[in-house]
Amino acid sequence: MAVPIGADQFGNAQAIKNVGAGVSIQRTQVSQDMAEAIRTVFADDIYRLNAGRIKAEIDDMPSADDCVPLVEQLAEKGVVFNKPM
């Protein structure tokens, strides 16, 4: 369940909803919609299954410890990714 407040949270909440891993509630509607959202998520196993699928994908990603050497190599070579085109 996501209750986005600002920044990238709205996009993340929409992504959670789009992949069927949870529901999103507007922060102005939490008191009205929270109980129903909880019932919805717990009543349908598809949310748990989709969240588990996302977890497995995240678990397969390299860890920060795996990435640091690559970032250091790129920095040593002066590679810049945010250069204007």
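This report describes the fold, the surface and the salt bridges of a predicted protein model.

**Overall architecture**

The protein chain contains 4 helices and 0 strands. Read from the N terminus, its elements follow the order α-α-α-α. The radius of gyration of the protein chain is 18 Å, well over the 12 Å that the globule rule gives for 85 residues, so the chain is more spread out than a compact globule. The C-alpha trace spans about 55 × 30 × 20 Å along its principal axes.

Burial and contacts add to this description. Of the 85 residues in the protein chain, 13% count as buried. Among contacts between residues at least 6 apart in sequence, 42% join residues at least 24 apart.

**Surface and charge**

The accessible surface of the protein chain comes to about 6900 Å². Carbon and sulfur atoms account for 58% of that surface. The chain carries 8 positive and 12 negative charges, and the mean positions of the two sets are 6 Å apart.

**Salt bridges in helix α3**

The structure holds 4 salt bridges. Among them are the pairs tabulated here, with the N to O distance and the separation in sequence.

| Pair | N to O distance | Separation in sequence |
|---|---|---|
| Asp-45 and Arg-48 | 3.9 Å | 3 residues |
| Arg-53 and Glu-57 | 3.4 Å | 4 residues |
| Asp-59 and Lys-55 | 2.6 Å | 4 residues |

Helix α3 covers residues 45-59, and both Asp-45 and Arg-48 lie in this helix, about one turn apart. Their closest N and O atoms are 3.9 Å apart, which falls within the 4 Å cut-off for a salt bridge. Asp-45 is partly exposed, with a relative accessibility of 47%. Arg-48, by contrast, has a relative accessible area of 53% and is exposed. The labels differ because exposed means over 50% relative accessible area, while partly exposed lies between 20% and that value.

Arg-53 and Glu-57 also belong to helix α3, again with about one turn of the helix between them. Their side chains meet in a salt bridge at 3.4 Å, N to O. Arg-53 counts as partly exposed at 39% relative accessibility, and Glu-57 counts as partly exposed at 44%.

For Asp-59 and Lys-55, the side chains meet at 2.6 Å, N to O. These residues are 4 apart in helix α3, so about one helical turn separates them.

Conventions
Residues numbered from 1 in each chain as written. Predicted model: local features only at pLDDT ≥ 70, side-chain atom pairs only at ≥ 80, totals over all residues. Heavy atoms only, no water. Helix = DSSP H or I, 4+ residues; strand = E, 2+ residues; numbered from the N terminus. Rg over C-alpha atoms; globule rule 2.2 N^0.38 Å. Buried < 20%, exposed > 50% of the residue type's maximum accessible area, 1.4 Å probe, protein only. Contact = heavy atoms within 4.5 Å. Areas by Shrake-Rupley, 256 points an atom, 1.4 Å probe, with all protein chains shown as cover. Lys, Arg positive; Asp, Glu negative; His and termini not counted. Charge placed at Lys NZ, Arg CZ, Asp CG, Glu CD.
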